[in-house]
Amino acid sequence: MRAIQQMRGIRHMHKILKTMIIAGLTTAGADGVIMAQKVGGINVATISPNDAIWSKAKFTPVVLYPQTTIKLNDKKANSLNGANKGLKAQVGAIYDGSSMAYKIIWSDPTNNALTGNVSDVYADGLAMQVPVNFSNPKKLPYIGMGSDDRAVLIYLNKVIPSHYEPNGNRDVSTQINHHNTNYFGEELNKFKAQVEALSSKSYAKSYISEGFRSMTQIKDGSSKFGMNMVYNPSTKAWAGVVAKSLNDGNANFSSAGAIPVSFAVWDGGKLNRGGVKKLSGWTAVKFVGKSGGDDLVKELTTPSTGDAKAGKVAVDAMCGSCHTLNASKSAPAYMAPNLSNIGGYSTNAYLAESIKEPSAVIVPGYNRNAHKAMKWYNVDAKTGKRVSTMPPMMTDDKQIANAVAYLKTLKVGVE
C-alpha cells in the first residue's frame, strides 16, 4: 500500500513539474517565439513606445538580415551597404480584447528624416507584415510583397519632419505662406498655430499586396492601425510601435492562438529604400492564455532535418552557375536572385517549394528590356501567369531537405 501511495505521489509530482514547465514556456516563450502578453484597462491601439504598459511585455530577440536578392543600381548605396551584418532587434507584444501592439527596438547610429526638397535623402523606417491567411503554415506568403493567392498586410512608418499638406476640406486660407498674409503679431502666431495643427507629422500607411508590383495602399478606412517611432540619441536606437485591430475589413485574427509576423527596418544614413533594407523571416507570435497555433509555431521553429554538407554539394552543382550563394560562389549579377542571405529570412517550407515548384512564387528580376538574355520569368500566353525560367531542380524529398539545410546556412553574421 505504501509503495502504491509513493508511486501516486511521484506521478502527482511529475504532473506538477510538467505543469510548471509548460507554464514557464508560456511565460518566457520558446526559442524564436514572441509571446504576446494579455493586458487590460488600456486600448493598445493608441499606445506609444514610451508607455509604461510595455513593462508587462516579454521581449524576444529577432534578427533582421540584409536583403540581397537584387543589387541596387546605386554605386554609393552599394558601397555603404556592402559589409552589412544581421541586426538583432528586440520585440515585445501585448494584446487586449480587440487590438494588439508590437514594440520593436533596434540600433541605428543616426536619426534620418525624409525631406521633400531633395531626391537623394532617405528616411529611417519600420515595417511589419502579416499574412491575411496563414491556415497552412507551409504555404506562407513570400517575405516582402506576398505572392499570388497569398496576400499580406503591410504597415509602414517613415521618419518625416512636420510638414503642411492640404487637408481635403478646401481650407485654401491656410495653404499660403505666412509672409503673404495680412496677419501681424498675435494674429500671425494664431495663423501659424492653425497651420501647424493641420500639418502632417507622421508617415504611417497600410497596404495589401499579393506579389511584386501589386502593393496597394488601403484608403477605405478599413485598416485600423497606428504606428510611431521614437529615437533615443543617448543609446542610438529606435523604438517603434505597430498597433492594429485584431479584426478589421482585411483580416480577422481574433480567434487565432498564434500568428506569423515579419519586420523590416531602413537606415536612411545608408541610403536604404525599397529593396535595400534589413528584414526578418516569418516569426511566430503566440497569444499567452489562448489555445491553438501549435502547428504554426512548430513550423517556424523546427530546424531543417537535412544534411547541410550533402546539400552544399548538390546546390553548388545545380544552382551555383545562376545564383550567387556566397563570396566564393558568385554568379553573373543579373542571372538570378542573389541567395547569399536567403537563409536569414526564408522558411524551410518556402525554400523547399522554390526548389520543387519554382513558379509558385515569382520574383520579378531586373529590367527585362535592359537584360533580355536574363529573364527571370516568362508569361504563359494562355493563362497570363508568370512562369519561372528556372526548371524544377530536384524531386527527391531527401535531396531537397539536404538542400534546404544548406540554404538555411546562407546568411551573414550578426552585429
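Strands here are DSSP runs of E at least two residues long, numbered from the N terminus. On that basis, Gln-129 sits in strand β5, which spans residues 125–131. The model is a predicted one, and the picture below starts with how far it can be trusted before moving on to β5, a pair of loops and the helix packing.

Confidence first. The protein chain has a mean pLDDT of 86, and 89% of its residues score at least 70. The weak spot is at the start: residues 1–30 stay under 50 in pLDDT, and the model gives that stretch eleven contacts beyond four places in sequence. Helix α1 (residues 2–28) has the lowest mean pLDDT among the elements of the chain, at 39. At the other end of the scale is strand β13 (residues 283–287), with the highest mean, 98.

As for the overall make-up, the protein chain contains eight helices and 15 strands. Of its 415 residues, 43% count as buried. Sequence separation is worth a look too: taking contacts between residues at least 6 apart in sequence, 72% join residues at least 24 apart.

Back to β5 and what comes just before it. Gln-129 has a relative accessible area of 5%, under the 20% cut-off, so it counts as buried. Setting aside neighbours within four places in sequence, the contacts of Gln-129 are Ile-143, Gly-144, Met-145, Val-152, Leu-153, Ile-154, Pro-260, Val-261, Ser-262 and Trp-282. Two of the strands named elsewhere turn up in that list: Val-152, Leu-153 and Ile-154 fall in β6 (152–158), while Pro-260, Val-261 and Ser-262 fall in β11 (258–266). Asp-124 belongs to the loop between β4 (99–107) and β5. Asp-124 is buried as well, with a relative accessible area of 0%. Asp-108 lies 16 residues away from Asp-124 along the chain, and their C-alpha atoms are separated by 8.8 Å.

Two non-glycine residues have a positive phi, and they make a handy contrast. Asp-149 has a phi of about 65 degrees and is placed in the loop between β5 and β6. Leu-271, with a phi of about 60 degrees, is in the loop between β11 and β12 (278–279). The surroundings are another matter: Asp-149 counts as exposed, at 67% relative accessibility, whereas Leu-271 is buried, at 11%.

Next come the helices towards the end of the numbering. Helix α7 (residues 348–356) packs on helix α8 (residues 397–407) at an angle of about 125 degrees, and the two axes are 9 Å apart. An angle of about 125 degrees falls outside the 65 to 115 range for roughly perpendicular and is not over 145, so α7 and α8 are oblique to each other. The crossing of α7 past α8 is right-handed. On the α7 side the contact is made by Asn-348, Leu-351, Ala-352, Ile-355 and Lys-356, and on the α8 side by Asp-397, Ile-400, Ala-403, Val-404 and Leu-407. By class, the residues of this contact are seven nonpolar, one polar and two charged.

In α7, the buried residues are Asn-348, Ala-349, Tyr-350, Leu-351, Glu-353 and Ile-355. These pack against α4 (294–301) and α6 (342–345) as well as α8. Ile-355 is a good example from α7: its relative accessible area is 9%, so it is buried. Beyond four places in sequence, Ile-355 touches Met-390, Pro-392, Met-393, Met-394, Ile-400, Ala-403, Val-404 and Leu-407. One of these partners, Met-393, is 38 residues from Ile-355 in sequence but 5.8 Å away in space, C-alpha to C-alpha.

Helix α8 also meets α5 (residues 308–319), this time at an angle of about 90 degrees with the axes 7 Å apart. That angle makes α5 and α8 roughly perpendicular to each other. From α5 the contact takes in Ala-308, Ala-310, Gly-311, Lys-312, Ala-314, Val-315, Asp-316 and Met-318, and from α8 Gln-399, Asn-402, Ala-403, Ala-405, Tyr-406 and Leu-407. Nine of the residues in the α5 contact with α8 are nonpolar, three are polar and two are charged. Ala-403 and Leu-407 of α8 appear in the contact with α7 and again in the contact with α5.

Methods
Residues numbered from 1 in each chain as written. Predicted model: local features only at pLDDT ≥ 70, side-chain atom pairs only at ≥ 80, totals over all residues. Heavy atoms only, no water. Axes fitted to C-alpha atoms, helices over the stretch in contact; angles between N-to-C directions. Helix = DSSP H or I, 4+ residues; strand = E, 2+ residues; numbered from the N terminus. Parallel < 35°, antiparallel > 145°, perpendicular 65-115°, else oblique. Left-handed = near helix turned anticlockwise from the far one by under 90°. Contact = heavy atoms within 4.5 Å. Nonpolar A, V, L, I, M, F, W, Y, C, P; charged D, E, K, R; others polar. pLDDT = per-residue confidence, 0-100. Buried < 20%, exposed > 50% of the residue type's maximum accessible area, 1.4 Å probe, protein only.
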